[in-house]
Amino acid sequence: MKFRSRVAVAAFAAALSACAVAADLKVGVITSLSGPVSGLGVPYDKGIQTAQAYLPTVAGRQVQLIVLDDASDPATAARNARKLVTEDKVDVLIGTSGVPGALAIAAVARETKTPLISPTPVTVPADDGGWTVTVSQPFPLMVAAVVEKMKQSGVKTVAYIGFSDALGDLAYDSLVKAAAPAGIKVVANERYARGDSSVAGQVLKIVAARPDAVFAGNSGSPGALPYLALAERGYKGQIYGTHGLINADFVRVAGASAEGLMVPSGPVMVADQLPADSPVRKVALDFRKTYQQVHGAPPADAFSAYTFDAWLVFADAARRALATKAEPGTAEFRQALHDAIAQTHELAGTHGVFSFKPNEPYGLDKRSAVVIRLDKGQWKLVP
């Protein structure tokens with residue numbers, strides 16, 4: 001298990017001052033710094049570093065950040081979550097990079113009554129009790145935005161290929177739900193594992209079905225496999241995907257095979273093109289500026305912004321939880337934080353405006369979805 005703890009420079013300076021400082025807030029982050037989901041996990045880590053640099057204190061309290069690598073393994077993600085709660089006494093969990101791992105952490109959060117803010121879309125059981133929320137857009141909302149573009153382009157049939165896991169199921173179900181009302185027939189449902197090195201067999205079946213378009217439900221660099229295989233087979237139809245593909249590793253691996261690919265995205269990817277009165281514009285541009293300062297280059301993905309948004313949701317709720325006089329590190333504070341998150345209203349983030357409701361994990365609406373196209377290695381807004 002790889003472990004890293006970071007405390008903001010401001011926290012160190014405060015510790016050296018003569019003034020007494022109240023108990024720190026503790027944020028436990030689990031992400032995939034290694035393994036097949038690291039293409040998402042590393043940006044998540046960069047986003048959380050950016051967030052701490054942007055907002056290192058909340059209501060006068062320093063924020064201590066503890067980051068653990070789950071190596072892309074759901075079982076390790078669950079163990080990490082339990083360690084963070086029971087040993088490190090964190091007030092909130094953030095993570096992880098894949099849906100299976102996020103679901104594993106959600107189970108621990110529910111059992112230990114610790115708020116979890118997931119940067120990854122999750123579907124929690126009815127008895128979750130509101131301990132898990134996600135700052136990702138609901139898959140049905142994002143897929144519906146892409147299906148609308150398919151309809152506008154005259155697509156009548158679409159083939160699906162996606163991961164053989166919870167994310168793949170979520171993407172497929174969302175596609176089927178949106179396609180039927182749009183008059184589009186789903187003619188294939190092919191799957192592959194994240195660690196597979198070939199999808200030649202699945203793509204042969206897809207090409208044989210002769211669909212007008214192909215939609216892939218996957219993410220990160222393993223998400224490039226279908227597009228590479230389709231290009232090898234000379235497929236000339238339209239290609240679509242999910243917001244899980246907006247990262248530099250995917251663009252590098254997919255290369256020319258993904259030219260013209262259309263995917264849904266949060267507005268952070270086109271922040272400088274948003275109108276001046278957009279509630280998202282300032283936060284998204286602040287994120288880009290701080291990211292540049294911390295990492296020496298602008299962000300090239302949408303994923304780092306999700307953990308940045310998770311930090312904003314935590315900070316907003318923590319201010320209100322602290323007003324209850326409950327002290328960080330206690331069960332009372334975790335309950336107060338849980339309640340405050342559920343009351344979040346019109347909080348501007350980089351991906352949209354957050355308003356949560358009790359026992360509902362998603363907090364974004366249609367303002368959080370745009371469609372972008374890959375054009376010579378650059379993502380551009382589709383009008």
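The exercises below work through a predicted model, each with a solution in steps.

**Exercise 1.** Determine where Ala 144 and Asn 80 lie, and whether each is buried, partly exposed or exposed.

*Solution.* Begin with Ala 144, whose place is in helix H5, spanning residues 139-152. Its relative accessible area is 34%, and since buried means under 20% and exposed over 50%, Ala 144 counts as partly exposed. Next, look for a residue distant in sequence: Ala 179 is 35 residues apart from Ala 144 in sequence, yet the two are 7.9 Å apart in space, C-alpha to C-alpha. Turn then to Asn 80, which is found in helix H3, residues 74-86. Here the relative accessible area is 0%, so Asn 80 is buried. Finally, examine the side chain of Asn 80, one polar atom of which lies 3.1 Å from the backbone oxygen of Asp 69.

**Exercise 2.** Compare the span of helix H11 with the expected one, and establish how many of its residues are buried.

*Solution.* Helix H11 runs over residues 303-322 and has 20 residues. From its first C-alpha to its last it reaches 29 Å, which is close to the 28 Å expected at 1.5 Å a residue. For the second part, count the covered positions: 18 of the 20 residues of H11 are buried, and the helix is accordingly described as mostly covered.

**Exercise 3.** Classify the aromatic pair of Tyr 227 and Phe 250, and explain which parts of the chain the pair ties together.

*Solution.* The structure holds 11 aromatic pairs. In the pair formed by Tyr 227 and Phe 250, the rings are 5.9 Å apart, centre to centre, with 80 degrees between the planes; because an angle over 60 degrees counts as edge-to-face, that is the class of this pair. Tyr 227 lies in helix H8 (residues 225-232) and Phe 250 in helix H9 (residues 248-254), so the pair ties together parts that are 23 residues apart in sequence. Both Tyr 227 and Phe 250 are buried. Elsewhere, ring pairs link Tyr 54, Phe 287, Tyr 291 and Phe 308 into a cluster.

**Exercise 4.** Describe the largest pocket by its volume and its lining.

*Solution.* Start with the volume, which is about 350 Å³. The lining comprises 18 residues, and those nearest the centre of the pocket are Met 269, Pro 299, Ala 300, Gln 378 and Trp 379. Assign the lining to elements next: H9, helix H10 (281-295) and strand E16 (378-381) each supply at least two residues, and E16 gives the most, with four. Sorted by character, the lining residues divide into 11 nonpolar, three polar and four charged.

Notes. Residues numbered from 1 in each chain as written. Predicted model: local features only at pLDDT ≥ 70, side-chain atom pairs only at ≥ 80, totals over all residues. Heavy atoms only, no water. Buried < 20%, exposed > 50% of the residue type's maximum accessible area, 1.4 Å probe, protein only. Expected span 1.5 Å × (residues − 1). Phe/Tyr/Trp six-rings, centres within 6.5 Å; stacked < 30°, edge-to-face > 60°. Polar contact = N/O pair within 3.5 Å; in protein donor to acceptor, adjacent residues only side chain to side chain. 1 Å grid on protein atoms, 1.4 Å probe; cavity = no way out; pocket = protein on both sides within 12 Å on 5 of 7 lines; lining within 4 Å. Points joined across faces, edges and corners; volume = space filled by probe spheres on them. Nonpolar A, V, L, I, M, F, W, Y, C, P; charged D, E, K, R; others polar.
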